[in-house]
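Me: I have a model open and would like to talk it through with you. Could you take my questions as they come?

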Amino acid sequence: MCRATSMATNLAVAVAVAATAVGCMLVISLAPSRPDTGKSWSSDGNPKAATSGHAGSAARAATSALGTDSALGATTASAGPGEPEEFASPPTGRIEVTAPQPGVDYKANGSFTVAWKNSTGEEVDVWLRTATGHGRSQRVALVVPRAEAGPNGEAIVTLPEVPPGPRYFLEVATAGDGAVGDVSRTFAITE
């Protein structure tokens, strides 16, 4: 196999594996510029790089290296050391924060109740967040790790020692990945 074809095949394999890793199927068709000869030609009549095979053969070779798990209906690649054999599908469903109510201020190191509805069937983490401006926010602290997975959840939140301010809120999200979540209304933390 010539170097150009080898490089194209390796690139197609890398792209197909990366696309499969994020749950997408990507088909790449590599076709020579002159399909009748299998070679690319420069304007002076000399071959630029030799290629062989049928158009799209590199993409088919890349995807044939990947298996299809008929039980899951998903394409998986062989995992390397320390990697899971199959990719977990993201949780489905919805989380809705129902408490705390807006318009209430809380003291740093104080406690209050957070409540939510959860149709994901997954455990949730509760994070204290603060607005940083321009529509952005950041996590300040994990205040309830791995809370129950039931359809209605409730937990006592004890606020950490944080600077007082008016733009704090809670995020309730699926534990670990945070793929599904919701946030409370903003509240102030006072001294």
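Me: Of the contacts between residues at least 6 apart in sequence, what share join residues at least 24 apart?
Reply: Bearing in mind that this is a predicted model, 58% of the contacts between residues at least 6 apart in sequence join residues that are at least 24 apart.

Me: And what does the secondary structure come to?
Reply: The protein has 2 helices and 13 strands.

Me: How much of the protein counts as buried, and what area does the protein expose?
Reply: Of its 191 residues, 32% count as buried, while the exposed area comes to about 11,700 Å², of which carbon and sulfur atoms supply 53%.

Me: Let's go inside, then. Which residues of the largest nonpolar core touch the most other members?
Reply: That core has 24 residues, and those touching the most other members are Val114, Trp116, Val126, Leu128, Val157 and Leu170. The strands that each supply at least two residues of the core are β5 (95-99), β7 (111-118), β8 (124-133), β9 (136-147), β10 (152-158), β11 (165-174) and β13 (187-190).

Me: Which strand gives the most to this core?
Reply: That is β9, which contributes 4 residues. As general background, nonpolar side chains in soluble globular proteins tend to be buried together.

Me: Take Val157 as an example: what is in contact with Val157, leaving aside neighbours within four places in sequence?
Reply: With those neighbours set aside, Val157 is in contact with Gly110, Ser111, Phe112, Val114, Val126, Val143, Val144 and Leu170. Val114, Val126 and Leu170 also appear among the residues that touch the most other core members.

Me: Switching to aromatics, how many aromatic pairs are there?
Reply: The count comes to 3 aromatic pairs. In one of them, the ring centres of Tyr106 and Phe112 are 3.9 Å apart and the planes make an angle of 20 degrees, so this pair is classed as stacked. Tyr106 and Phe112 are both buried.

Me: Why is the pair of Tyr106 and Phe187 edge-to-face?
Reply: The pair is edge-to-face because the planes of the two rings stand at 90 degrees, with the centres 5.2 Å apart. Since Tyr106 lies in strand β6 and Phe187 in strand β13, this pair ties together parts that are 81 residues apart in sequence. Phe187 is buried, as Tyr106 is, and ring pairs link Tyr106, Phe112 and Phe187 into a cluster.

Me: What about Lys107, is that residue buried or exposed?
Reply: Lys107, which is also placed in strand β6, counts as exposed because its relative accessibility is 52%. Setting aside neighbours within four places in sequence, Lys107 is in contact with Leu159, Ile189, Thr190 and Glu191.

Me: And how far apart are Lys107 and Thr158 in space?
Reply: Their C-alpha atoms are 9.7 Å apart, although the two residues are separated by 51 residues in sequence.

Me: Now the arginines. Is Arg129 buried or exposed?
Reply: Arg129, found in strand β8, counts as buried because its relative accessibility is 14%. Its side chain makes a polar contact of 2.9 Å with the side chain of Glu171.

Me: What else is in contact with Arg129, neighbours within four places in sequence aside?
Reply: Besides Glu171, the residues in contact with Arg129 are Ser137, Gln138, Arg139, Val140, Arg167, Tyr168 and Phe169, once the neighbours within four places are left out. Arg139, for its part, lies over the face of Trp127, at 4.2 Å from the ring centre.

Me: One last topic, the backbone: which peptide bond is cis?
Reply: The bond from Ala99 to Pro100 is cis, with omega near 20 degrees, and Pro100 lies in the loop between β5 and β6 (105-107). By way of background, most peptide bonds are trans and most residues other than glycine have a negative phi.

Me: Where do Asn109 and Arg146 lie?
Reply: Asn109 is in the loop between β6 and β7 and has a positive phi of about 70 degrees although it is not a glycine. Arg146 is in strand β9, and this residue too is not a glycine yet has a positive phi, of about 45 degrees.

Me: And how exposed are Asn109 and Arg146?
Reply: Asn109 is partly exposed, with a relative accessible area of 48%, whereas Arg146 counts as exposed at 52% relative accessibility, the threshold for exposed being over 50%.

Conventions: Residues are numbered from 1 along each chain as its sequence is written. This is a predicted model: local features need pLDDT of at least 70, side-chain atom pairs count only at pLDDT 80 or more; totals for chains, interfaces and linings use all residues. Side-chain values use heavy atoms; hydrogens and water are left out. A nonpolar core is a set of buried Ala, Val, Leu, Ile, Met, Phe, Trp, Tyr and Cys residues joined through side-chain atoms within 4.5 Å. Buried means under 20% relative accessible area, exposed over 50%, partly exposed in between (1.4 Å probe, protein chains only). Contact means heavy atoms within 4.5 Å. A polar contact is a pair of N or O atoms within 3.5 Å; within protein, one must be able to donate a hydrogen and the other to accept it, and residues adjacent in sequence count only if both atoms are side-chain atoms. Accessible areas come from the Shrake-Rupley method with a 1.4 Å probe; for residues, only the protein chains shown count as cover. Rings of Phe, Tyr and Trp (its six-membered ring) pair if their centres lie within 6.5 Å; planes under 30 degrees apart count as stacked, over 60 as edge-to-face and the rest as tilted. A charge sits over a ring if NZ of Lys or CZ of Arg is within 6 Å of the ring centre and within 35 degrees of the ring normal.
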